[in-house]
Amino acid sequence: MGCAPNASHSPVFLLLGFSRARVSPGLLFFLFLAIYLVTIIGNVTLVLLISRDSRLHSPMYYLLRGLSVIDMGLSTVTLPQLLAHLVSNYPAISAARCLAQFFFFYAFGVTDTLVISVMALDRYVAICNPLHYHSVMNRQLCACLLTLSWVVSVVHTMLHVGLLLPLYWAGDAEGNVKLPHFFCDHRPLLRASCSDIHSNELAIFLEGGFLMLGPCALIVLSYARIGATILRLPSAAGRHRAVSTCGSHLTMVGFLYGTIIWVYFQPPSQNSQEQDMVAAVMYTAITPLANPFVYSLRNKDVKSALHRLLGWGRADS
């Protein structure tokens with residue numbers, strides 16, 4: 001595709017994702033404001049509970065606390081800007097801010113997927129090797145795995161930012177480039193570019209696919225071993241208890257990886273802009289919102305810690 005003479009490396013992007021929505025901007029504003037506030041309150045509460053309550057000072061909750069911090073970052077990168085644009089007649093973002101949003105969104109998003117896979121490893125050790133759980137999944141190893149997740153995520157994101165920098169975008173007469181999305185996501189930016197994007201697409205499928213394949217393989221192998229171990233347990237109560245400890249994690253795996261694969265690993269001709277938007281709302285708003293509730297409402301330890309924090313019931317309950 002050739003670029004017009006007015007094409008630029010640094011245009012102004014207009015984020016028009018909800019401009020054609022059948023719902024009024026005011027209603028969308030209050031909906032996403034409620035989602036954002038509940039997300040922050042829920043995850044902050046979970047972080048405080050895990051930090052303050054000694055009964056939750058275990059490897060699983062250490063990883064869960066890290067996941068909550070990541071989820072707050074993931075929502076904060078996208079939703080406050082969306083709220084501002086819903087009440088604005090000019091939902092513009094400069095190229096520099098757009099790339100910064102892209103960077104932080106991908107850094108938090110990829111780290112989220114990697115930490116989810118580390119939590120699968122944690123469940124594997126807890127169920128398949130319970131006698132050595134605390135010695136294997138100690139605080140130092142968890143910290144190293146979280147740090148490694150961040151390092152891999154940042155390197156991955158810098159690669160894709162570097163591939164975006166040489167691209168040109170041709171805007172309208174005022175130099176504005178219209179993006180049919182509510183934040184600077186990868187697919188809309190590539191679709192709007194007038195440059196050759198084959199290298200970007202190749203990086204998504206090869207490097208990005210490999211980055212997803214590793215965590216997915218770890219999750220599948222961990223749960224294959226977990227399933228085999230659960231089937232060998234002699235009592236039904238033991239099997240139920242083991243399954244209940246994995247249910248929350250499996251729910252979030254389905255949410256997160258399902259939407260990522262739907263958006264990023266289909267050929268562009270097979271997924272529409274509307275489908276991209278729905279999936280993007282799922283992993284930028286719904287998944288961070290759901291995480292603290294999925295992991296706490298099904299977890300007796302977290303519910304007991306909340307009761308102790310609020311002074312409900314006996315302190316040792």
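Are D122 and R123 buried or exposed? Select the two residues to begin: both D122 and R123 are buried, where buried means under 20% relative accessible area, exposed over 50%, and partly exposed in between (1.4 Å probe, protein chains only).

Before going on, note that this is a predicted model, in which local features need pLDDT of at least 70 and side-chain atom pairs count only at pLDDT 80 or more, while totals for chains, interfaces and linings use all residues. Residues are numbered from 1 along each chain as its sequence is written, and side-chain values use heavy atoms, with hydrogens and water left out.

**Salt bridges**

Keep D122 and R123 on screen and show their side chains. They meet in a salt bridge at 2.9 Å, N to O. The term covers a side-chain nitrogen of Lys or Arg within 4 Å of a carboxyl oxygen of Asp or Glu. Side chains of opposite charge can pair when their charged atoms come close. The whole structure holds three salt bridges by this search.

Next, select E201 and R187, whose side chains form a salt bridge at 2.8 Å, N to O. This pair links distant parts of the chain, 14 residues apart: E201 sits in helix α7 (residues 198–231) and R187 in helix α6 (residues 186–192). Helices (H or I, at least four residues) and strands (E, at least two) are DSSP runs, numbered from the N terminus. E201 counts as buried because its relative accessibility is 15%. R187 is buried too, with a relative accessible area of 2%.

Then go to R55 and D53, where the salt bridge spans 4.0 Å, N to O. R55 counts as partly exposed because its relative accessibility is 49%. D53 is buried, with a relative accessible area of 9%.

**Strands**

Select strand β1, residues 12–15, together with β2, residues 92–94. The two run antiparallel and are joined by three bridges; strands pair if DSSP finds at least two bridges between them. Within this pairing, F13 has I93 of β2 as its bridge partner.

Now add strand β3, residues 176–179, which runs parallel to β1 and is joined to it by four bridges. To check the register, label L15 and L179: L15 stands opposite L179 in β3.

**A cavity**

F13 also leads to an enclosed space, as one of the residues lining the second largest cavity. Select the full lining: H9, F13, A95, C98, L99, L164, W169 and L189. On a 1 Å grid over the protein atoms alone, a cavity is a set of points where a 1.4 Å probe fits but cannot get out; a pocket is an open set with protein on both sides within 12 Å along at least five of seven lines, and lining residues have an atom within 4 Å of a point.

The volume of this cavity is about 50 Å³. Grid points are joined across faces, edges and corners, and a volume is the space filled by probe spheres set on the points. Two cavities of 30 Å³ or more are counted in the model. Helix α3 (residues 95–128) supplies the largest share of the lining here, three residues. By class, the lining has seven nonpolar residues, one polar and no charged. Ala, Val, Leu, Ile, Met, Phe, Trp, Tyr, Cys and Pro count as nonpolar, Asp, Glu, Lys and Arg as charged, and the others, Gly among them, as polar.

**The largest pocket**

Which residues lie closest to the centre of the largest pocket? The pocket has a volume of about 720 Å³. Of its 26 lining residues, R123, R241, A242, S244 and T245 are closest to the centre. Select helix α8 (236–264), which gives the most to the lining, with seven residues. Helices α2 (59–86), α3, α9 (273–297) and α10 (300–310) are among those that each supply at least two. The lining divides into 12 nonpolar, seven polar and seven charged residues.

**Helix α2**

Stay on α2 and select D71, which lies in this helix. D71 counts as buried because its relative accessibility is 1%. Add T284: the residue is 213 positions from D71 in sequence, but the C-alpha atoms are 8.5 Å apart.

G73 lies in α2 as well, and counts as buried at 12% relative accessibility. Its C-alpha atom is 6.5 Å from that of F108, 35 residues apart along the chain.

Finally, select residues 62–83, a span that is 100% helix and 0% strand, with end C-alpha atoms 32 Å apart.
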